[in-house]
Amino acid sequence: MNINRNIAWTYFVASKKMTIVAILGVVIGISIFMFMNSMAAGFDRTSGESFFKTTPHIRVYKDDKISQPLKEESLSKTLIVNPKVVPSINTIDNPMDWVKLIRKQKEVVVVFPQVSCPVFYNNGKSQITGTTIGFDPVEADKMFRISTFTVQGSIADLSTHQDGIIIGSGIAEKMNLLTGDKINMTSSKGINLTLTVVGIFKTNNSKEDKTKSYVNLATGQQFLKENNAYVTDINVNIDNPDRAPEIAKELTNLTGYKAEDWIAANETYMAASRIRKIVIMFISFTLLIVSSFGIYNILNMTVSQKINDIAILKAMGFNGGDVIRIFVYQALTIGAIGVMLGVLLALILVQALQHVYIGGDIGYFPIRFEPWVFLRGIFIGLLITFLAGFVPAKKAAKVDPVSIFRK
Amino acid sequence: MILRVENIEKKFFDPIEFKVLNGISFDVQQGEFVTLVGKSGCGKSTLLYILSTMDTEYSGRLTIDGEDVTGYDQNRLAAIRNEKIGFVFQFHYLLTDFTCLKNIMIPALRLGKLTEEEIEYRAMEKLRMLGMEDQALKPASKLSGGQQQRVAIARALINDPLIIMGDEPTGNLDSKNTQVVFDILQELAHEKKQTIIAVTHDNDFAKASDRTIEMVDGRIL
Ligand SMILES: Nc1ncnc2c1ncn2[C@@H]1O[C@H](COP(=O)(O)OP(=O)(O)OP(=O)(O)O)[C@@H](O)[C@H]1O
Ligand SMILES: [Mg+2]
């Protein structure tokens, strides 16, 4: 063994109690860091998953226009204006051409047009308000993976039944409907249709389940009293949802219509999630830093206790770098053992929590082993250990042997 | 000539400005056994720290083995100390967390020219020479002052340094062991051509050496 490491190891073993305390500090810091960040990643993944059951990565639609004053010179004159939403049809012109064009874009994986229409589900005398979405079931299933959360019937049956409908489990419960039953609906445009329930879905988002239904595109257009070229949205999914804002911008430029990414569409939720992330980051980093104090402390102690040794080593020809290495090795030994045990403890915590049932929309606690979180934890743990050791080591390297020998 | 000292001066500023070394010049030949004597406080240790390259705050010139080391940076000086100089301290001796054997081996392990087995063998030889072989595996902290000093002497010899410097290397030894150490040093000087510079208060020790340099108040007589 290299002599510097050998000396470091001897010091490591010599101060057992403090070493154990320092290791424990690292174990707790690292494991909680990894655990909390795994939890954050788990939350993100589940909320992402539940978002994408109903939201496309990017939605292209025609935005409402506000009326502009007709006269340009209005700036110089006082003019009373009353801006209003310009009444126009919210249709995308030539939607199939746009769909084809968007499909050719890089990173785009699924594109399809849809219409959405406010409807009443007629339940005897009472009515349930909701929204029905009309689309091509095959494409829609590729995007929203509807088949993974249909609890009765199937999305494929919608393709074969032109007058079919898939309803949320909340509607089915309230209206006591099963697949095969008929449902009567009235749209905001006053169109009344009776459709056959071919499937029931359950997203675990109770609001969706109580209001939403899926029909074929043509049925949707019928509800809106429109022809088969009428489309309100084009839904777009891409390879990497995190890239949605950039690609949305490209699509806006390409089509001239408004392209809204899912992050912008869920501003409030995303802000809350950012706050949660910041809090978790803050707490876990604080823990890490506090745990590094243990290492800093033990090294400071060792350096002042071994100041004689340092002077003797320097007299015998050890240079400043050797002295730094000795104490950094000692710190890293503590850090490495602490990190290893910390990883173990974090794995145990993650395992344990995975089996805790939360219920509601979530089910089991959304946590699992996150390789990246663990790698980051190991890296940061060792880095902090290194710094906690380096500061006292630097001090040790500056020791002037003569001033020690004179005492 | 192995060591040349030219007009070395050193001042302390704390608590008041005070010149402890004043124009010191002398040469030491290879294989010479030189002793340095003088009253307590006359500057012997201070001079020895400069000669050993540990203290760099002086004016004048110091040449070791033909190399003018004045103004060298700390890393180069450390390498010179490791390879060419063995040092026995006045009071501080050993690394207390290690065995005697390990203490002796450390400078050689740092130098890294021999394998660990070879170094261990040589270290045992040195211990035997000083009558300490039975203490080899004892922790250094469990030895008497005299025993520690002998281990420190063995450690100073491990790398076969060109120059061995000692600040009262026999200060803690009884007359029998002082004689043993003296004989070893003399043999190293005369047969292996290693140079010895030792501070001593022991007149017999000084008289028996090849040359005695006497210091009074920071000057050489
Ligand atoms: N760090 C310092 N600051 C100020 N004065 C010092 C310092 N170190 C030593 N001195 C003074 O320098 C002078 C020389 O000290 P030095 O230790 O070299 O003496 P010495 O000849 O080795 O004495 P001894 O035989 O007792 O070991 C003494 O007067 C001492 O008080
Ligand atoms: Mg002295």
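Chain B and chain A bury about 2,300 Å² between them, with 61% of that area on carbon and sulfur atoms. The model is predicted. The size of an interface is often given as the accessible area lost when the parts come together.

**The interface between chains A and B**

The contact draws 27 residues from chain A and 25 residues from chain B. Three salt bridges are counted between the two chains. One salt bridge joins Asp97(B) to Lys306(A), with the closest N and O atoms 2.5 Å apart. Side chains of opposite charge can pair when their charged atoms come close. Six residue pairs are in polar contact across the interface of chain B and chain A, both residues of each pair being at pLDDT 80 or more.

Which elements of chain B each supply at least two residues of the side that touches chain A? They are strand 1 (3–12), helix 1 (44–51), helix 2 (74–84) and helix 3 (100–111). Helix 3 of chain B gives the largest share, five residues. By residue class, the side of chain B that touches chain A splits into 12 nonpolar, eight charged and five polar residues.

**Ligand 1**

Ligand 1 lies between chains A and B. There are 16 residues around ligand 1. Those that come nearest are Ser40(B), Gly41(B), Lys44(B), Ser45(B) and Thr46(B). Three side chains of chain B are listed here with their distances to an oxygen atom of ligand 1.

| Side chain | Partner | Distance |
|---|---|---|
| Ser40(B), N or O atom | oxygen atom of ligand 1 | 2.6 Å |
| Ser45(B), polar atom | oxygen atom of ligand 1 | 2.7 Å |
| His201(B), N or O atom | oxygen atom of ligand 1 | 3.4 Å |

Ser45(B) deserves a second look. Ser45(B) sits in helix 1 of chain B, and helix 1 is also among the elements that supply residues to the side of chain B touching chain A. Which residues does Ser45(B) touch, not counting residues up to four places away in sequence? They are Gln90(B) and Asp167(B). With Asp167(B) there is a polar contact between the two side chains, at 2.7 Å. The side chain of Ser45(B) thus has a polar atom 2.7 Å from an oxygen atom of ligand 1, and a polar contact with the side chain of Asp167(B).

**Salt bridges within chain B**

Over all chains, the structure holds 24 salt bridges. One of them pairs Asp55(B) with Lys10(B), the closest N and O atoms being 3.1 Å apart. This pair links distant parts of the chain, 45 residues apart. Asp55(B) is in the loop between helix 1 and strand 4 (59–64) of chain B, while Lys10(B) is in strand 1 of chain B. Strand 1 of chain B also supplies at least two residues of the side that touches chain A.

**Domains of chain A**

How is chain A divided? Domain 1 covers 3–51 + 269–405, and domain 2 covers 58–64 + 88–264. The C-alpha centres of these two domains of chain A lie 50 Å apart.

**Local geometry**

Most residues other than glycine have a negative phi, and most peptide bonds are trans. Two sites depart from these patterns. Arg145(A) has a positive phi of about 50° although it is not a glycine. Arg145(A) lies in the loop between helix 4 (137–144) and strand 4 (150–153) of chain A. In chain B, the peptide bond from Asp14(B) to Pro15(B) is cis, with omega near 0°. Pro15(B) belongs to the loop between strand 1 and strand 2 (18–28) of chain B.

Gly180(A) is also in a loop, the one between helix 6 (169–175) and strand 6 (182–187) of chain A. Leaving aside neighbours within four places in sequence, Gly180(A) is in contact with Thr196(A) and Val197(A). Gly180(A) and Ile165(A) are 15 residues apart in sequence, and their C-alpha atoms are 9.9 Å apart in space.

Notes: Residues numbered from 1 in each chain as written. Chains lettered and ligands numbered in written order. Predicted model: local features only at pLDDT ≥ 70, side-chain atom pairs only at ≥ 80, totals over all residues. Heavy atoms only, no water. Contact = heavy atoms within 4.5 Å. Buried area = accessible area lost by both parts, 1.4 Å probe. Salt bridge = Lys/Arg side-chain N within 4 Å of Asp/Glu carboxyl O. Polar contact = N/O pair within 3.5 Å; in protein donor to acceptor, adjacent residues only side chain to side chain. Helix = DSSP H or I, 4+ residues; strand = E, 2+ residues; numbered from the N terminus. Nonpolar A, V, L, I, M, F, W, Y, C, P; charged D, E, K, R; others polar. Domains from an automatic or database assignment. Near = heavy atom within 4 Å.
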